[in-house]
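Visitor: I should like to understand how the descriptive terms for this model are justified. Could you take me through them in turn?

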Amino acid sequence: MKSLSAVFTVFLLLFSMQALPAFAAQTAGGVPTTVTSQRMEYNTNANTVVFIGAVHIVRPDMEIWSERLTLVLKKGPAGGPASGAVAAPAGQGGLSGGDIEKIIAEKNVRMKREDRQGECEKATYTTADELLVMEGSPRLSEGENSITGDKILFYIKENRTEVIGGPDKPVRVIFTSNNPPTKPTENGQPPAAGEQPQTPAPSATPAPARNGR
């Protein structure tokens, strides 16, 4: 049962790695979010803001790195950005939250929250269904515990996570336990709780006979 608890710890890690959803949320309460990159493109026709090159997102509770980050804004009545959405480039720092429809982080995506880390080649979060999809060798880790697969999906509304394996990338969970392995008893079963495994007594060896006796 204790080994199962270690597995559950890894899956709790999955539910807590909601970095992109937190970034998409409104910054109520004055939570600052800073985005830096080598270049930024704002397209009013496509309603997108694209950060390109060494993208780094910093919040008090997490950090995200990628080579490209695209914010797709919700369209307003006239087809432009919705009221309150991210507006023209404002120095890339202190980016305020807005009506974001989708966030796409691509290439060397890394997410860090306390001692939990996530890695993949592409992470897509859609706000309508609150679904976060990690693709491209996704990996989540916390200390020595980790989980990998072909694709990891977070259904945030349903508080559910699905790890999908592929032909070349099966689901793989690695976890560690602080409990030393127990030796089986004589009947081949592990000892009961609180019971110490019995060590068989050494077999008696007859003393060698002396010459002439």
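Guide: Let us begin with exposure: buried means under 20% relative accessible area, exposed means over 50%, and partly exposed lies in between, with a 1.4 Å probe and protein chains only. This is a predicted model, in which local features need pLDDT of at least 70, side-chain atom pairs count only at pLDDT 80 or more, and totals for chains, interfaces and linings use all residues. Residues are numbered from 1 along each chain as its sequence is written, and side-chain values use heavy atoms, with hydrogens and water left out.

Visitor: Why does Asp-61 count as partly exposed?

Guide: Asp-61 has a relative accessibility of 29%, and it is therefore partly exposed, since that class lies between under 20% and over 50%.

Visitor: What makes Arg-59 buried?

Guide: The relative accessible area of Arg-59 is 12%. Because buried means under 20%, Arg-59 belongs to that class. Across the chain, 36% of the 213 residues count as buried.

Visitor: Why is the contact of Arg-59 and Asp-61 called a salt bridge?

Guide: A salt bridge is a side-chain nitrogen of Lys or Arg within 4 Å of a carboxyl oxygen of Asp or Glu. For Arg-59 and Asp-61 the N to O distance is 3.2 Å, so the pair qualifies. Salt bridges that share partners join Arg-59, Asp-61 and Arg-113 into one network. The structure holds eight salt bridges.

Visitor: Which class of exposure do the partners Glu-41 and Arg-39 fall into?

Guide: Glu-41, at 37%, is partly exposed, and Arg-39, at 43%, is likewise partly exposed. Their closest N and O atoms are 3.2 Å apart, and the two form a salt bridge.

Visitor: What makes Glu-114 exposed?

Guide: Its relative accessibility is 60%, and because exposed means over 50%, Glu-114 meets the definition. The side chain of Glu-114 meets that of Arg-116 in a salt bridge, at 3.2 Å from N to O. Glu-114 also takes a positive phi near 55 degrees in the hairpin of E5 and E6, which has two residues between the strands.

Visitor: How do you know that E5 and E6 pair?

Guide: Strands are DSSP runs (E, at least two residues), as helices are runs of H or I with at least four residues, and both are numbered from the N terminus. Two strands pair if DSSP finds at least two bridges between them. E5 and E6 have ten bridges in the antiparallel sense, so they pair. Within E6, Gln-117 stands opposite Lys-112. E4 and E5 pair over nine bridges, also in the antiparallel sense, and Trp-65 has Arg-110 of E5 as its bridge partner. The chain has two helices and twelve strands.

Visitor: What makes a set of residues a nonpolar core?

Guide: Such a core is a set of buried Ala, Val, Leu, Ile, Met, Phe, Trp, Tyr and Cys residues joined through side-chain atoms within 4.5 Å. The largest one has 26 residues, of which Phe-51, Leu-69, Leu-71, Met-134 and Phe-154 touch the most other members. Its largest share, five residues, comes from E5.

Visitor: Where is confidence lowest, and where is it highest?

Guide: The predictor's confidence in each residue is its pLDDT, from 0 to 100. Confidence is lowest in helix H1 (residues 2–16), at a mean of 39, and highest in strand E2 (residues 39–43), at 93. The chain averages 74, and 58% of the residues score at least 70.
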